[in-house]
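Work through the exercises below with the model open beside the text. Each one gives a task and then a solution in steps.

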Amino acid sequence: QVQLLESGGGLVQAGGSLRLSCADSGGTFRFKAKGWFRQAPGKEREFMAGIAWNGDITYYADSVKGRFTISRDDAKNTVYLQMNSLKPEDTAVYYCAADRSPWGGANWYRGSPDPHWGQGTQVTVSS
C-alpha cells in the first residue's frame, strides 16, 4: 500500500512552472522530516529539497535553489514542491520521501539511507 503519493507532474515548456504534491495518507509521517528527489534516465536519484518535521527549516540543492520551494501543510498531510523557471535538465521522475526517524531536520537525508519513498511523478520540460 502506497503511503506517500506524488501528483502534479506533467509536460511543461522551459521557463514554466509546476506544483507537485505529496499526500501522506493517514498522516503516517506527520512527525517526520520529508524531501523531494528526482531521477533522470540513466542517472542516480538526486536530492532536490528537504524540510524539517515541523516545516520551520528548509534545505535545497544548489541546482534548484531560488527556483524550487518546498513546503508542508500538516493539516492536509501534504508536502509541496513549487517549481519555477523550469529547464529541460529538470526532466525526471520526481519522488517525495520521508525520514524513518521522527523529529528530523531539513537535512535528514544525510543520515537516512533507507527513507520511505513515494511512487514518483513524471516531469518533462521541453525546450
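Two strands count as paired if DSSP finds at least two bridges between them; strands themselves are DSSP runs (E, at least two residues), numbered from the N terminus. The model is a predicted one, in which local features need pLDDT of at least 70 and side-chain atom pairs count only at pLDDT 80 or more, while totals for chains, interfaces and linings use all residues. Residues are numbered from 1 along each chain as its sequence is written, and side-chain values use heavy atoms, with hydrogens and water left out.

**Exercise 1. The open sheet**

Task: Determine the strand order of the 4-stranded open sheet and say which strands stand at its edges.

Solution:
- Step 1. Start from β7 and β8 (residues 78–83), an antiparallel pair joined by 6 bridges. Within this pair, T69 has Q82 of β8 as its bridge partner.
- Step 2. Extend to the full sheet: the order is β1-β3-β8-β7, with antiparallel pairing.
- Step 3. β1 (4–7) and β7 (68–73) each have a single partner strand, so one side of each lacks a neighbour in the sheet and these two form the edges.
- Step 4. Neighbouring strands are turned against each other by 15° on average, direction ignored; the axes behind this angle are lines fitted to C-alpha atoms.

**Exercise 2. The loop after β7**

Task: Is A75 buried or exposed?

Solution:
- Step 1. Locate A75: the residue is in the loop between β7 and β8.
- Step 2. Apply the cut-offs: buried is under 20% relative accessible area, exposed is over 50%, and partly exposed is in between (1.4 Å probe, protein chains only).
- Step 3. A75 has a relative accessible area of 77% and is therefore exposed.
- Step 4. As a distance check, A75 and M48 are 27 residues apart in sequence and 24 Å apart in space, C-alpha to C-alpha.

**Exercise 3. Strand β11 and T121**

Task: Describe the pairing and the two faces of β11, then the surroundings of T121.

Solution:
- Step 1. Strand β2 (residues 10–13) runs parallel to β11, with 4 bridges between them; Q13 is opposite S126.
- Step 2. Strand β9 (residues 92–98) pairs with β11 in the antiparallel sense over 3 bridges, and V93 is opposite Q122.
- Step 3. In β11 (residues 121–126), T121, V123 and V125 make up the covered face, and Q122, T124 and S126 the uncovered one.
- Step 4. T121 has 11% relative accessibility and so counts as buried.
- Step 5. The side chain of T121 reaches the backbone nitrogen of G9 at 3.2 Å, inside the polar-contact limit (N or O atoms within 3.5 Å, one able to donate a hydrogen and the other to accept it; residues adjacent in sequence count only if both atoms are side-chain atoms).
- Step 6. Beyond four places in sequence, the contacts of T121 (heavy atoms within 4.5 Å) include E6, L20, A92 and Y94.

**Exercise 4. The disulfide**

Task: How many disulfides are there, and which parts does C22 tie to C96?

Solution:
- Step 1. Searching the whole structure for cysteine sulfur atoms within 2.5 Å gives 1 disulfide.
- Step 2. C22 and C96 are joined, with S to S at 1.9 Å. The link is right-handed, with 55° about the S-S bond.
- Step 3. C22 is in strand β3 (residues 18–24) and C96 in strand β9, so the pair ties together parts 74 residues apart in sequence.
- Step 4. Both C22 and C96 are buried.

Conventions:
Axes fitted to C-alpha atoms, helices over the stretch in contact; angles between N-to-C directions.
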